[in-house]
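Thank you for making time for this. I would like to walk you through the charged side chains of one structure, so please bring up the sequence and the model.

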Amino acid sequence: MKLKKILLCAAFSAAMPLAAQDNVVTVEAAKPGSVIQPTMYGIFFEDINYAADGGLYGELLKNRSFEFSPDHLMGWQAFGKVEVKNDGPFDKNPHYVRLSCAGHNDMWTGLQNEGFFGIGLKRDAEYRFSVWARVPEGKAQTLRVQLINEYGLEEHQEFVSKDIKVTSSDWKKYSVVLKSPRTMQDANLRLFLCSEKGRNGDGVMDVEHISLFPVDTWMGHENGMRKDLAQALYDMRPGVFRFPGGCIVEGATMDTRYQWKNTVGPVENRPLNKNRWESTFTYRYYPDYFQSYGLGFYEYFLLSEEIGAEPLPVLNVGMVCQFQNGDDAHAPATEAGLKPFIDDCNDLIEFANGDVNTKWGKLRAEMGHPAPFNLKFLGIGNEQWADPYFKRVKIVSDAVRKAHPEIKIIGTSGPDSEGHNFDIGWEAMKEQKADLVDEHFYRNIDWFKNQMNRYDEYDRKGPKVFAGEYACHDKGKKYNHAGASIYEAAFMLNLEKNADVVHMATYAPLFAHVKGWQWRPDAIWYDNLRSARTASYWVQALFSQNKGTNVLTTSLSNPTPKGEDGVFAQACLDSKKGEYIVKVVNTQEKAESVRIDLKGVKKIGAVKAITLDLSDYDLENTVDNPNAITPQESAIKADGTSINLTVPAKNFIVIIANK
Ligand code: AHR
C-alpha cells in the first residue's frame, strides 16, 4: 500500500476543548478482551468474472489444449491444412492439432490464438512460449512463433518472431522466450508451420498444450500467477484464503462440479471443465468460459502459504446448485452414495497434510512441496439449505471428523442472511456441532444500516461465524463505489467487536475482468495489463492490515440508533506490535468531532491516522483511474491519552497509537 504522508492534517486537532466533542469514544485500553483470530479477515477466491483463466492465472492463451467444446478450435483461427485429432499424449486432454503442408508455394498452414480478450504484453517484458510437438513422419519441421498486431497499420503484423525446430517423432516439450518490444492490451499469437529451411511447411507437425506465460510471474513460478493481482492479495495481509468458490463448487450439473483431484498433477493432464458462470446469465453469456485448472488446488495451497493466509478449501457435499436443480439432482444421501465425496475430503486432507509416503502426500511432494501445507479448516458444501443439505453434510462431516478430528469443519446457513432457511440452517449446524457456519449476504445499504449490531446477540456456545461472502450492493450497477463501501466499513466494526464469535470474514467476489464479468461489485478489477483496487478492497485491507490481537471494550457517548447514519467505532489491541488501534466510521453527510479516550493507560507514543475518504458517493477506482480512492496517512498529536479528531462526512479512519 502506498500511503501519502501528510503532516498534521487540519482535520486533527489536539487542542479541541472537551465541550466541542459530539462523540466520546471510551476504550478500555488496559483490559485486553477476546482474542481476534488471525483468520479474522481474509479473501474468497472464485473463478467467476474470468478470475482464474484470463485473470489471476498467468496463462495468456485460451484453449491451449484444444479441449473446449463443442468447438475444439474456440479461441483459435486455423489456416491451411489443420485437423483436430484426439489420440494425443495426455489421456485426460486427448485433443491436439495436426498441421500439414498447405500444398501450394504461396499457401501456409498455421494457427492463431486470440488470448483472453487479447493478449496483454508489456514493453521489454519476456514471455515464455511452450508447446508439446512431434513430427509424426519423422521429417523435421519448424514452428514459427510470432506475436502480432493483426489490425495495426504497420507493414508487418508481427513484432516478435522466433523459430522452433521439431525433429523428433516422439512428443516433446519445446520452449522459447519472446521479448516484447511494445505494450499492447490485445496482441495475438500466430504459429506458422514451416519447412526445416523456414519456407512453407513441407511435412507434418502435431502440436498440443500451447502456452504463453509472462516470465515475471508472482514468485517466479513457471505455472504462476499474474503478478499485480497476486500482489494485491498479498498486500491485504489476509488471514484466510477460501477457495475455489462459491457456486463453482456445486456446478450447474454433477458432472461439471469442481473436483479437486482433476486440478492436481501435471498441468497438461488436468481435464478441462466447463465454467459454471459461462451460462448463468443469458444477458452476460460467455461461450468461451472454461476452467483449465492450471490454477488448481496445489497452486491455491501454495498461494495461501505465500500470502500468509490459512488455506480454506470448500468441497462439494454431494449436491449440485439447488437454485438450478431443485432437490433431486444430488448424490444419494447415504454413506455409500456419498462415498466419493467423503473420499474427496479425506484425500484432500492427505494431499495437504499427509506424509510424503502416503498416496496424496506423495503427489504434493512430487509437485514441489514435500512439507505439509498445514490445513486446519475444511468447508463442506457451499450455500446449500434445508433437509437435502442437512442429511448429506451430516454423513460427510461425521466421516471426516472420524478420520480427522483435528480439522475444523465449516457448514453453511445457505444463501439467505435471515429467515426460515437461515434459521433452520443454523439450528442444524449447531446440532451437528459444525465448528463454523458460513453466512452469505449481498445486501443493500438499508440492510447494512440495520445490521450494525448483527453479532451482538449471537449464541456464544454454538459454532463460530464465518461471514464467507458479503458485499454492500446498493445500486448494483457499479464496479464499486464509495457510497456503498462506507457501510461495509461500519458493518465490519461489529465483526471485530464480536471477534469471540466471528472468526472469519471474506468479502466477495474478489476479482473481475472488465471485459468478462458476470457479477459485480467485486474487490479488484483488471484488464489485460492494469488493475484497480476498489474502495471495498481498501476497506478490507485496512481492517486486515490492522486487525489486532484482542478486542478492547469500546463505548460511544452517542451511539447510532439502528437503521440510522452516525458515528461507529471499535478498538483493539495489537499486543505483538504494541499498538492500540481504533477504527472510526462516520456514515453521515456531515463531519463529526470525536474524542477517543484510551482509559487505563498512562501514556501513549506516536499516533497516526489512516483515512479512507468515501464521501464522493459515486466515486470508484477503475482501471483508467485506479487511485481515485486510496488511504492517506497522517500524524496526529495526542492530548495525554486522548486523541481528538474531526471525522469528515463519510470517512473511515484507522487511528494507530503506539504503546
Ligand atoms: O460470489 C458469487 C456467488 O454468490 C457465489 O458463487 C455463491 O456462493 C453466491 O451465491
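Let me begin with lysine 430, which is partly exposed, its relative accessible area being 28%. Before going further I should say that what you are looking at is a predicted model, and I will keep that in mind as I speak.

Which side chain meets lysine 430 in a salt bridge? The partner is aspartate 459, with a distance of 3.5 Å from N to O. This pair links distant parts of the chain, since lysine 430 sits in helix 8 while aspartate 459 is found in the loop between helix 9 (445-449) and strand 22 (464-472), and the two are 29 residues apart. Aspartate 459 counts as partly exposed too, because its relative accessibility is 35%, and partly exposed covers whatever falls between 20% and 50%.

Staying with helix 8, which spans residues 420-431, we also find aspartate 423 there. At 45% relative accessibility, aspartate 423 is again counted as partly exposed. Together with Glu418, Glu427 and Glu431, Asp423 forms a negative surface patch.

Now let me turn to salt bridges elsewhere in the model. How many does a search of the whole structure find? The search gives 37 salt bridges, and I will pick out a few of them.

In one of these, the side chains of aspartate 216 and lysine 227 come together at 3.0 Å, taken from N to O. Aspartate 216 belongs to the loop between strand 14 (204-214) and helix 1 (227-236), whereas lysine 227 is in helix 1 itself, so this salt bridge ties together parts that are 11 residues apart in sequence. Lysine 227 has a relative accessible area of 37% and is therefore partly exposed.

A further example lies within a single helix. Glutamate 366 and lysine 362 form a salt bridge in which the closest N and O atoms are 3.1 Å apart. Both residues are part of helix 6 (residues 359-366), where they are four residues apart, or about one turn of the helix. Is glutamate 366 buried or exposed? With a relative accessibility of 54%, glutamate 366 counts as exposed, because the cut-off for that word is over 50%, whereas lysine 362, at 44%, counts as partly exposed.

Finally, please look at Glu28, Lys31 and Lys599, three residues that are linked in a network of salt bridges.

Definitions and conventions: Residues numbered from 1 in each chain as written. Predicted model: local features only at pLDDT ≥ 70, side-chain atom pairs only at ≥ 80, totals over all residues. Heavy atoms only, no water. Patch = residues over 30% accessible without salt bridge, like charges linked within 9 Å, V, L, I, M, F, W, Y side chains within 5 Å. Areas by Shrake-Rupley, 256 points an atom, 1.4 Å probe, with all protein chains shown as cover. Salt bridge = Lys/Arg side-chain N within 4 Å of Asp/Glu carboxyl O. Lys, Arg positive; Asp, Glu negative; His and termini not counted. Charge placed at Lys NZ, Arg CZ, Asp CG, Glu CD. Buried < 20%, exposed > 50% of the residue type's maximum accessible area, 1.4 Å probe, protein only.
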